[in-house]
Every structure is written in structure tokens, then in C-alpha cells.
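Please open the model in your viewer and keep the sequence panel beside it. The tour below moves from one selection to the next and says what is to be found at each stop.

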Amino acid sequence: MQPDQQPAQPAQPEMNFYTRKWVRPEDLNANGTLFGGSLLRWIDEEAAVYAIIQLGNGRVVTKYMSEIEFVSSAKEGDIVEIGLVATRFGRTSLTMRAEARNLFTHRSILTIDEVVFVNLDDDGNPAPHGYTDITYARDRVPATHRA
Ligand SMILES: CCCCCCCCCCCCCCCC(=O)SCCNC(=O)CCNC(=O)[C@H](O)C(C)(C)COP(=O)(O)OP(=O)(O)OC[C@H]1O[C@@H](n2cnc3c(N)ncnc32)[C@H](O)[C@@H]1OP(=O)(O)O
């Protein structure tokens, strides 16, 4: 390697935007734009499904969300895309990064650097999940939810 060359950085896993939500009248705030509570509910649900698929356990709970800044909004009839990517597999937790963006304007609506879910046992206590990396298959879907 030449002295002025930087070592290659490990590739960051790409964020996938699987979910699209149509902004309905009931999702609006008094300003006539997307109600933040609706968006956070969609993100929490999406993160729960993502965590279940990654950790192979239907019993996961939201533990922590880092700072949230709404940088733009959406209006009635817009489509909001929600993206997630796992950034850290802990012992009992999974940390994800989330982004919501407006499909029509391509503008980011918000990003959340850390959304932490905890894997629970049958008694509701944190339990080791045993995973260290992202699956792109459906191989960890809990047996109770497999066809
Ligand atoms: C395909 C199949 C579909 C199936 C079908 C789908 C249905 C899809 C339905 C979706 C539906 C929506 C579902 C939404 C999910 C809720 O809305 S859950 C409701 C809101 N959340 C709660 O009620 C949780 C309340 N909190 C608790 O019960 C306890 O705090 C917990 C979670 C049991 C953890 O207890 P604790 O004493 O903090 O445990 P502790 O061992 O200290 O920490 C556990 C882990 O959390 C981490 N942690 C603790 N504190 C923090 C913190 N402040 N920040 C970051 N990490 C932390 C620790 O570092 C540790 O991680 P690891 O190092 O082990 O990896």
C-alpha cells in the first residue's frame, strides 16, 4: 500500500426500505402535516418486525431510542418509506438505525441513530439471542410464524 493510501473501510450494511405508508387524514396534525406520533408508531412496529426476523424471537421490546429530529414532513396523500438496518448485535439487544423519507420528494423526514430492542425470555427477562450478524433470509423467523 502506498503511504498516502487509506486502508479499505469495512463495508457498512445497506439500509433497506421495505415499508411504505400512505399518509391518511387520521395521520395529520393540527398543522395539516404528518403527525409525528403516527410516524414513530410505524417506525416502532417496523423495528419490532425487523428485530423479530433478526433475533428469531417474537418476544422483543423497545428499550431505547436516541435523539429524534423531524427535518421535513409529509402531507396527506404522500407516501412515507421507512428504512432500517442493524448496526450492533449485543448480548441480549439489537441496535438499529432508522430513517423515514418522503417517496415523492426524496427528502429525509427523520433519522434515528439508535433504536434498541431487547430479546426476552418467557418470563420477560433479557435473554441472550446468540446472533452476531444480519440475516437477509427468513431463516430465523420464529417457528410459530412459519408456513
Ligand atoms: C416475522 C414474525 C412476525 C411476528 C409478529 C409480528 C408482530 C409485530 C408486532 C409489533 C408490535 C410492536 C411492538 C413494539 C414494541 C413495544 O412497544 S415494547 C413496549 C415498550 N417497551 C417496554 O415496555 C420495555 C420496558 N422495559 C423493560 O421491560 C426492561 O427495561 C427490559 C427491556 C426487560 C430490560 O431490562 P434491563 O434491566 O434494562 O436489562 P439489562 O440486562 O440491564 O439490559 C438489557 C440490554 O439492554 C441494553 N440497554 C439497557 N439500557 C439501555 C439504554 N438506556 N440504551 C441502550 N441500551 C440499553 C443493555 O446494554 C443490554 O444489552 P446487551 O448488552 O445485553 O446487548
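Which residues does the UniProt annotation "domain: HotDog ACOT-type" cover? According to that unreviewed entry, the annotation covers residues 13-123, with positions given in the numbering used here, feature names shortened, and the caveat that annotations may be inferred rather than shown by experiment. Before selecting anything, note that this is a predicted model, in which local features need pLDDT of at least 70 and side-chain atom pairs count only at pLDDT 80 or more, while totals for chains, interfaces and linings use all residues. Residues are numbered from 1 along each chain as its sequence is written, and side-chain values use heavy atoms, with hydrogens and water left out.

**The annotated span**

Select residues 13-123, whose end C-alpha atoms lie 33 Å apart and which are 18% helix and 41% strand; helices (H or I, at least four residues) and strands (E, at least two) are DSSP runs, numbered from the N terminus. At the start of this span, P13 sits in the segment before β1 (16-22). P13 counts as partly exposed at 32% relative accessibility, where buried means under 20% relative accessible area, exposed over 50%, and partly exposed in between (1.4 Å probe, protein chains only). Now add I134 to the selection: P13 and I134 are 121 residues apart in sequence, yet their C-alpha atoms are 8.5 Å apart in space.

**The ligand**

Next, select the ligand and the 20 residues around it, of which T62, K63, R91, T92 and S93 come nearest; a residue is near a molecule if one of its heavy atoms lies within 4 Å of it. By class, this shell has eleven nonpolar, six polar and three charged residues, where Ala, Val, Leu, Ile, Met, Phe, Trp, Tyr, Cys and Pro count as nonpolar, Asp, Glu, Lys and Arg as charged, and the others, Gly among them, as polar.

For the atomic detail, turn to T92, where a polar side-chain atom lies 2.6 Å from an oxygen atom of the ligand. At T62, a polar backbone atom is 2.9 Å from a nitrogen atom of the ligand, and at D44 a polar side-chain atom lies 3.4 Å from a ligand oxygen atom. Taken alone the ligand exposes 1400 Å², and the protein buries 52% of that, with accessible areas coming from the Shrake-Rupley method with a 1.4 Å probe. The elements that give two or more residues to the shell are α1 (36-55), β2 (60-65) and β5 (108-119), and the largest share, five residues, comes from α1.

**The strands β3, β4 and β5**

Select β4 (residues 93-102) next: eight of its ten residues are buried, so the strand is largely enclosed by the rest of the structure. On one side, β3 (residues 79-89) and β4 pair in the antiparallel sense over nine bridges, strands being paired if DSSP finds at least two bridges between them. A hairpin of three residues joins β3 to β4, and the bridge partner of E81 in β4 is R101.

β4 and β5 also pair in the antiparallel sense, over eight bridges, and here A98 stands opposite I112 in β5. Follow the chain into the loop between β4 and β5 to find H106, which is exposed, with a relative accessible area of 68%. The phi of H106 is near 65°, a positive value in a residue other than glycine.

**A last stop in β5**

Is V115 buried or exposed? This residue of strand β5 is buried, with a relative accessible area of 0%. Finish by displaying R41 as well: V115 and R41 are 74 residues apart in sequence and 13 Å apart in space, C-alpha to C-alpha.

Technical notes: Polar contact = N/O pair within 3.5 Å; in protein donor to acceptor, adjacent residues only side chain to side chain.
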